[in-house]
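Hi everyone, thanks for coming. I'd like to walk you through one structure today, so have a look at the screen and we'll go through it together.

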Amino acid sequence: MPKQAKKGKIMLKQRQQACITKIDHAQIQAILKKLDLLYPNLRTELVHQNPLELLIATMLSAQCTDRQVNRVTPALFQRFPSAQAFSQAPISQIEECIRSTGFFHNKARHIKETCTMLCEKYNGTVPCQFEDLCSLPGVGRKTANVVLGAVFGIPAMVVDTHVQRISQRLGLTQENNPQKIEADLCKCIPKKAWNTFSLQLIQLGRQWCPSRQPKCPQCPLLTWCAYGQRN
């Protein structure tokens with residue numbers, strides 16, 4: 001790596017570290033209260049009727065917008081209404097339906113393998129245990145937590161790019177690894193707020209705090225954000 005680029009990378013890391021501040025319990029409660037006022041009663045934007053549909057929709061959402069997934073899934077679920085139908089379908093037919101979501105070869109393979117495993121091991125139903133969900137092909141922590149929180153009502157902390165970025169900027173974590181970020185957030189956010197907190201940060205990221213050119217002066221969380229106060 002060129003010296004200038006390396007120096008720039010070090011300076012960026014130092015700047016990020018400088019923005020990390022300790023947030024006490026009262027500040028966290030204030031942040032949560034503000035988020036509740038801004039975004040009450042949020043639900044996942046992925047349209048679904050049952051756990052299987054949300055599981056597959058979340059798998060499709062990797063590197064794809066929720067809006068595009070919602071365009072694809074009605075016809076997909078009409079054609080393949082059950083885990084058994086997916087498991088018995090030729091991969092080429094699944095690919096045909098999901099092509100516009102990107103990376104459709106891998107996604108189709110994972111969907112078929114997951115549904116085959118659901119039929120063989122779980123009687124065609126989606127399990128409600130984190131470890132069981134993560135054992136399914138193509139299902140990671142993020143997807144498992146989405147399903148647990150949205151359809152089973154089990155407290156789960158979803159860490160996507162928005163949650164990662166904003167939790168770092170707020171000083172709730174210094175980590176870059178999503179699993180470590182998840183652990184940090186679970187320690188400082190009350191368990192009963194996990195499901196809504198993730199959805200609220202995602203919405204905040206889209207509206208106020210994108211990766212580039214965040215709207216820091218207008219951000220409703222500026223009071224508690226060292227990153228925003230430095231910009």
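**Pockets, a cavity and two helix pairs**

Let me start with who lines the largest pocket: 14 nonpolar residues, 21 polar ones and nine charged ones. Before I go on, please keep in mind that this is a predicted model.

How big is that pocket, by volume? The largest pocket comes to about 1100 Å³. It has 44 lining residues, and the closest to its centre are Thr58, Ser61, Lys142, Val146 and Asp160. If you want to find those on your screen, start from the helices. Six of them each give at least two residues to the lining of the largest pocket: H3 (51-60), H7 (104-121), H9 (141-151), H10 (161-169), H11 (178-188) and H12 (194-207).

Now for the enclosed space. How many cavities of 30 Å³ or more does a search of the whole structure find? Just one. Which residues are closest to the centre of the largest cavity? They are Cys209, Cys216, Cys219, Leu221 and Cys225, out of 15 that line it. The space inside the largest cavity is about 100 Å³. Its lining splits into twelve nonpolar residues, one polar and two charged. Helix H10 contributes at least two residues to this lining, and so does helix H13 (226-229). You'll remember H10 from a moment ago, as it also supplies at least two residues of the lining of the largest pocket.

Let's move on to how some helices pack. First up are H6, residues 91-98, and H7: their axes come within 9 Å and cross at roughly 125°. Because of that angle, H6 counts as oblique to H7. The crossing is right-handed. On the H6 side, the contact uses Ile91, Ile94, Glu95 and Ile98; on the H7 side, it uses Phe104, His105, Lys107, Ala108, Arg109, Ile111 and Lys112. Sorted by class, that contact holds six nonpolar residues, one polar and four charged.

The other pair is H2, residues 25-38, with H12. Here the axes are 10 Å apart, and the angle is about 70°. So H2 is roughly perpendicular to H12. Which hand does the crossing of H2 and H12 have, left or right? It is left-handed. Leu32, Leu35 and Asp36 of H2 touch Phe197, Gln200 and Leu201 of H12. That contact divides into four nonpolar residues, one polar and one charged.

That's my tour, thanks for listening. I'm happy to go back to any part of it.

Conventions. Residues are numbered from 1 along each chain as its sequence is written. This is a predicted model: local features need pLDDT of at least 70, side-chain atom pairs count only at pLDDT 80 or more; totals for chains, interfaces and linings use all residues. Side-chain values use heavy atoms; hydrogens and water are left out. On a 1 Å grid over the protein atoms alone, a cavity is a set of points where a 1.4 Å probe fits but cannot get out, and a pocket is an open set with protein on both sides within 12 Å along at least five of seven lines; lining residues have an atom within 4 Å of a point. Grid points are joined across faces, edges and corners, and a volume is the space filled by probe spheres set on the points. Helices (H or I, at least four residues) and strands (E, at least two) are DSSP runs, numbered from the N terminus. Ala, Val, Leu, Ile, Met, Phe, Trp, Tyr, Cys and Pro count as nonpolar, Asp, Glu, Lys and Arg as charged, and the others, Gly among them, as polar. Axes are lines fitted to C-alpha atoms, for helices over the stretch in contact, and angles run from 0 to 180 degrees between N-to-C directions. Angles under 35 degrees count as roughly parallel, over 145 as roughly antiparallel, 65 to 115 as roughly perpendicular and the rest as oblique. A crossing is left-handed if the near helix is turned anticlockwise from the far one by less than a right angle, and right-handed if clockwise. Contact means heavy atoms within 4.5 Å.
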